[in-house]
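Here is a set of short exercises to work through with the structure open beside you. Try each task before reading its solution.

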Amino acid sequence: MKTFRNLLLELAAAKTTSAVTGHLSHIGELMYTGSPDVALGHLNATHDMLTGNPRPDHKLSIKADGSMSVIFGKKEGVPFVRYAKAANADSVFQTEQQIIDFATTNNKPHYIKPLTASLRAAQNPKIERNHSFQADAIIDNTETGSLKGNMISYKKPSDDTRSMLAVHGRFHSVTGEKIESNPDVSFLNTQEQHFPRLGLTNLPSLSSENSSILKEHIAKAQTTLEDESVRGMLGEISSHVDPTNKLGSRSLFFVKFSNAVQRGTHSRTLEGFQKFGNDQIEKSKGNADKLRIKAHLDSFTGRESTLQKIFDAHNSLDSARSIITNHISSGDLSLTPATGEAHEGFVSELPGSMVKFVPSEFSKQNSEQIEKFKRRPNPLPPIKEEVEKTQAPVVFYPGKFGTITRAHEKMTIEGIQHAIQIGATHFFHGPTSSKSHILNYEQKRSMLSKIVKPHIGDLSYGITQADAITPFHGIEELIQKGHRNITVIHGSDRQDLRSSIEKHLAKNNGMWKSRTDELIPVTINFHEVGEKRGTGGDISEISGTRLRENVVNGNRDAAVAMMPSVLTPDERGEYHAAIAAKNSKSTKMESIVNNMLSYIFEEGEVSSGQMTSDGSGIAGLGDDARAGNVIVRKKPRMFKRRKR
């Protein structure tokens, strides 16, 4: 019988795998995520369709990403539209004025065109009472005279066309049940709005020559994938889970390599694989990441011949994919890229799985636009990546919170004031994040930067890396930068953190034991900020739980009053919407699973005491635990046995 802990470990493995395949996978990526037979199934089904023998359970469609994904249709007969990623009631619109008011209040003018176009389509009398559609909005670009999607522009069907809605699915508006993929919505076409048919039927047949070549590539890949050594290695890759890092699975490393080959930056050879790994090591900032990537490369030492067979099979799959995309792209399609742009690709759908066939030309073209999507620079002066080893004091506030409140803002400012008082050279913030948190790492980074900027003075300021998911990680990051005198800021409820760090130092004769077992002389002090817990004072502002409860219970004014004062009214509105969406009923089960998994990975609350796997806690499984750091998790209440 499976224990509950083993069940959680299986869930963790499943989540790690799904993190790799959470997007619509390229056909070749399925080799590394445990589904090579599925990849072959899609290629064979597509070959059958292109040679005039379509399977009844197989569908092929155009892949189209718009500037915004929307849901539009009718619910109980009333036309509506909403932004597909925002299910909260504040973002459901039934009139164009509601759209304009929302866009104006929240400084989102880019909402107006796609939502208005979708609402007008929703008003069509031919849409059934409780039917709705998920679509990508492709809107008129007056500068180029084309219709702009997410990454590429499309030609207009006519000069009068002002928008296109690429409809991917039809749903029941009340139950949410999917009725069909790529429905025929040509009945919605108007003079200014076009609804392209994404489903591909009646395609011109492949020539006999191309059909033979396609079958040859598929057969070659199948023969290689049936090799026992290849099967074994692919099983090893797909099942690998790194318990120290959710993004450390070997399958994800191969998917990244596959994408690099698709973009044309590396070759799918043994030499190209080694170069990709070395390039990733060079880009990595932390020693843990460098060691992890090196382990990926080293795990295939002595087995290069089998690895080459895997690359040969993938190259065969790519050759088959190229024949398919070239043939479909040459046909008369309802969506045509603007001059000079490659088509985004096509989607193959079989029961239980969907994959995409993406031309390599589009991937290369897409990678050239990366500059537009680079992270915005830190608004504060950047600190040097490495500093000379120094005993000058620095201050580190781990900031391990799921919801940032006004009290956290005050505590951050207190930490800065203490840093100035002791003559520190740097102030570091460590915002951690997990899937159960309201804000992701970048959102926390942005909010904390706004909090710090008015108070930092001449201090240098930095935020610890996204993978510094425990205070131990953050401290080690600062030590790697050269700092040797660190003051840790903590609230009155984090005495356990102080105790854990002090025990770690005592265990190692007053030195810091790194993840690589290096003993480093370091001085670590502690400074408490914020109100004392349990003194009867009003510390309600610090409660992220209370902030979330106010949002869920509709106490908007009370919730807004608990948010950081540096936020603008629009930002508070967005924060309110994010909390409401995260705490909706549809996300509760996901949140519960994520919270449970956080105790297996390194996101649990740090507790004092020795590592143990008995009734006092769940021992950490990561690098910190192996290095002797005290990171025992407090048991969630649901894990504690009740006394009879």
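**Exercise 1. List the buried residues of helix H12 (residues 406-421) and say what they pack against.**

Step 1. Start with the terms: helices (H or I, at least four residues) and strands (E, at least two) are DSSP runs, numbered from the N terminus. Buried means under 20% relative accessible area, exposed over 50%, and partly exposed in between, with a 1.4 Å probe and protein chains only.

Step 2. This is a predicted model, where local features need pLDDT of at least 70, side-chain atom pairs count only at pLDDT 80 or more, and totals for chains, interfaces and linings use all residues. Residues are numbered from 1 along each chain as its sequence is written, and side-chain values use heavy atoms, with hydrogens and water left out.

Step 3. The buried residues of H12 are Ala407, His408, Glu409, Met411, Thr412, Ile413, Gly415, Ile416, His418 and Ala419. An α-helix has 3.6 residues a turn, so residues three or four places apart point the same way.

Step 4. Contact means heavy atoms within 4.5 Å. The buried residues of H12 pack against strands E13 (394-397), E14 (426-429), E16 (485-490) and E19 (523-528), and against helix H13 (441-452).

**Exercise 2. Compare the spans of helices H12 and H15 with the expected values.**

Step 1. The expected span of a helix is 1.5 Å times one less than its number of residues.

Step 2. H12 has 16 residues and reaches 23 Å from its first C-alpha to its last, close to the 22 Å expected. After H12 comes Gly423, with a positive phi near 75°.

Step 3. Helix H15 (residues 495-507) has 13 residues and should span 18 Å; its end C-alpha atoms are 18 Å apart, which agrees. Its buried residues are Asp496, Leu497, Ser500, Ile501, His504 and Leu505. Just after H15, Asn509 takes a positive phi of about 55°.

**Exercise 3. Describe the sheet that contains strand E11 (residues 346-350).**

Step 1. Two strands pair if DSSP finds at least two bridges between them. Three strands form an open sheet in the order E1-E11-E12, and the pairing is antiparallel. Strand E1 (59-62) and strand E12 (353-357) stand at the edges with a single partner strand each, so one side of each is left without a neighbour in the sheet. From one strand to the next, the twist averages 25°.

Step 2. Now look at the pairs. E1 and E11 are joined over four bridges: in E11, Ser348 is the bridge partner of Leu60 and Val347 that of Ser61. E11 and E12 pair over five bridges, and Ser348 stands opposite Val355 in E12. A hairpin links E11 and E12 with two residues between them, and Gly352 in the turn has a positive phi of about 90°.

Step 3. Five of the five residues of E11 are buried, so E11 is largely enclosed by the rest of the structure. In a regular strand the side chains alternate between the two faces of the sheet. In E11, Phe346, Ser348 and Leu350 point one way, while Val347 and Glu349 point the other way.

Step 4. Helix H2 (residues 36-50) lies across E1, E11 and E12, running at about 70° to E12. Axes are lines fitted to C-alpha atoms, for helices over the stretch in contact, and angles run from 0 to 180 degrees between N-to-C directions.

**Exercise 4. Decide whether Phe276 and Thr201 are buried or exposed.**

Step 1. Phe276 lies in helix H8 (residues 270-283) and counts as buried because its relative accessibility is 4%. Beyond residues up to four places away in sequence, Phe276 touches Phe253, Lys256, Phe257, Ala260 and His266.

Step 2. Thr201 is found in the loop between strand E10 (193-194) and helix H5. Thr201 counts as exposed because its relative accessibility is 55%. Thr201 and Pro54 are 147 residues apart in sequence and 9.2 Å apart in space, C-alpha to C-alpha.

**Exercise 5. Find where confidence is highest and lowest.**

Step 1. pLDDT is the predictor's confidence in each residue, from 0 to 100. The protein averages 78, and 78% of the residues score at least 70.

Step 2. Confidence is highest in helix H5 (residues 208-225), at a mean of 95, and lowest in strand E20 (residues 606-607), at 34. Over residues 370-387 the pLDDT is below 50. Where pLDDT is low, the predicted coordinates should not be read in detail.
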